[in-house]
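Subject: Structure handover

Hello,

Here is the structure you will be working with. My findings follow below it.

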Amino acid sequence: MTFLLLLTGGVFAVAFLVLAFVSHFEREFVARGRAALFAVVLPLPYLLTAWFDAPLRAILGWTLLVATAAFGVSLVVPGRRPRIPAVAAGARIDERTIMFSRAALEPGGGRFETYYELHPEHRPADDRFRAKPGLMSERSVKYEPLSFAAAAASFAAVEHLTPLTEGDVADVRRDIAPDHATRFLKGWSHKLGAVACGVTATRPVHYYSVKGRGPRWGETIEPEHRWAVAIAVEMDHRQMASAPDGPTIMESAQQYLDGGAIAVQMAEAIRRLGWPAEAHIDANYKVICPLVARDAGLGEIGRMGLLMTPHLGPRVRLVVVTTDLPLVADRAADEPSVLDFCAICEKCADVCPSEAIPRGPRAEADGRRRWRIDQDACFAYWCSVGTDCGQCVKVCPYSHPDTAVHAVVRSGLRRNGWTRRVALTMDDLLYGRRPTTLSPPRWLRG
Ligand code: SF4
Ligand code: SF4
């Protein structure tokens, strides 16, 4: 009995000391302190019970050990799959209506007049964000010259990639076994820096209905390619943890560039094999990346409207290559545990400064059941702070680094609903319901 009590207390102490150690290297200093406190407090009941004389020690000891064992078993027993209503196909979206397209409209220009004749309901909200300093503005609240200049440089580099998204297709067409081509493209994407890559057959709903940015503004988009390759690149944890400060937009822009470079390379290589291909990268999309990535098996779409990948949550950027090169499709994501976790979590909604993230269950929007964020409110906040905020991404429990400790927790989230509730409580206790902004790497500090 005494041995079992000391052993159990020791296991708790070691587990939380490991967590404190890991948190130290992740620079999560609040979590480090709280984990260290747990490492001291949690073993106490077991150690004190071991001190009692028999028969009290036996009664209390067995009660404690049985309760601990039952709790442990309850965390690993597979539960029923949460019942999540199927996702409807939904209607195609006019890209002109999204916030980035509306932000690019210039007062006095023809597009400006045309758009607000079509959508007068957007004019008041758009006038409000136009009155603010703007994204990456020197007048914005979070203006900081170095990180803002670096972000602007990355966006400028992405613009240079735009002409490479499409191109001539080689006259000679190479026939390659679909499984070989798929394996190659996935392997190559990882070699180039991707963290996930999947393939889906395209569906009309993947495509915007009308082009909303660039020289083809207002053109109808016809779904043209048979296959889509979705690629995810990681956004750095330390930089995102400093959200909403300058390093956040610097990292966003960098990953638009890194992901964009992978996509244009892949599309060019496919065209050289004699098959049409197009890269969909920042400011040059014909497809809605999260929808494609979901169908390509990369993850589920969570409360904040972003793709939630199994290993990094929403802390990724997405690009897509569409093509007619025959490929093998992956299975669409089917991980209701993520949606179930989002249903109970709401941390992103709690922390969102513009109250743009909805609470409660998913609702019908654009013919789909989903959580729809208030993009007007979100973008207006960006125009005040000057960065793309990212506080929702920062606080998401799925955004923790993909280390062994977090991987164990994430795998537990798939087990059962009780485990998800315990994990959420622990996340709140360790990191806080509203986690603090972490300082970025030293070279990024002012
Ligand atoms: S913070 Fe919570 S509710 Fe929001 S996306 Fe992440 S898991 Fe879902
Ligand atoms: S980016 Fe910021 S403002 Fe926008 S939804 Fe996330 S937390 Fe809210």
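Pro-244 lies in the loop between α10 (237-240) and α11 (246-272). The peptide bond leading into Pro-244 from Ala-243 is cis, with omega near 10°. Please keep in mind that this is a predicted model.

Another cis peptide bond joins Ala-54 and Pro-55, where omega is about 5°. Pro-55 belongs to the loop between α3 and α4 (56-76). Most peptide bonds are trans.

Now the ligands.

Ligand 1 takes up the space of the second largest cavity. Two elements give two or more residues each to the shell around ligand 1: α13 (336-345) and α14 (347-351). The largest share, three residues, comes from α13. The full set around ligand 1 is Arg-303, Met-304, Met-308, Phe-341, Cys-342, Cys-345, Glu-346, Lys-347, Cys-348, Cys-396, Pro-397 and Tyr-398. By class, that shell has nine nonpolar and three charged residues, with no polar ones.

Glu-346, one of the residues around ligand 1, deserves a separate note. Glu-346 is in the loop between α13 and α14. Its phi is near 60°, a positive value in a residue other than glycine. Most residues other than glycine have a negative phi.

Around ligand 2 you will find Cys-352, Pro-353, Ser-354, Ile-357, Cys-378, Tyr-381, Trp-382, Asp-388, Cys-389, Gly-390 and Cys-392. Helix α15 (residues 375-385) gives the most to this shell, with three residues. The class split for ligand 2 is eight nonpolar, two polar and one charged.

Next, charge pairs. How many salt bridges does a search of the whole structure find? The count is 29. One to look at is Lys-186 with Asp-330, whose side chains meet in a salt bridge at 2.9 Å, N to O. Lys-186 sits in helix α9 (residues 178-191) and Asp-330 in the loop between β6 (316-323) and α13, so the pair ties together parts that are 144 residues apart in sequence.

Last, the surface. Which residues form a nonpolar patch there? They are Leu-6, Leu-37, Val-40, Val-41, Leu-44, Leu-47 and Leu-48. Together these residues have about 610 Å² of accessible area. Helices α2 (29-41) and α3 (44-51) each supply at least two residues of the patch. Leu-6 is in helix α1 (residues 2-25).

Best regards

Notes:
Residues are numbered from 1 along each chain as its sequence is written. Chains are lettered from A and ligands numbered from 1 in the order in which they are written. This is a predicted model: local features need pLDDT of at least 70, side-chain atom pairs count only at pLDDT 80 or more; totals for chains, interfaces and linings use all residues. Side-chain values use heavy atoms; hydrogens and water are left out. A residue is near a molecule or strand if one of its heavy atoms lies within 4 Å of it. On a 1 Å grid over the protein atoms alone, a cavity is a set of points where a 1.4 Å probe fits but cannot get out, and a pocket is an open set with protein on both sides within 12 Å along at least five of seven lines; lining residues have an atom within 4 Å of a point. A molecule sits in a cavity or pocket if more than half of its atoms lie within 2 Å of its grid points. Helices (H or I, at least four residues) and strands (E, at least two) are DSSP runs, numbered from the N terminus. Ala, Val, Leu, Ile, Met, Phe, Trp, Tyr, Cys and Pro count as nonpolar, Asp, Glu, Lys and Arg as charged, and the others, Gly among them, as polar. Patches are made of residues with over 30% relative accessible area and no salt bridge: like charges are joined within 9 Å, nonpolar side chains (Val, Leu, Ile, Met, Phe, Trp, Tyr) within 5 Å. Accessible areas come from the Shrake-Rupley method with a 1.4 Å probe; for residues, only the protein chains shown count as cover. A salt bridge is a side-chain nitrogen of Lys or Arg within 4 Å of a carboxyl oxygen of Asp or Glu.
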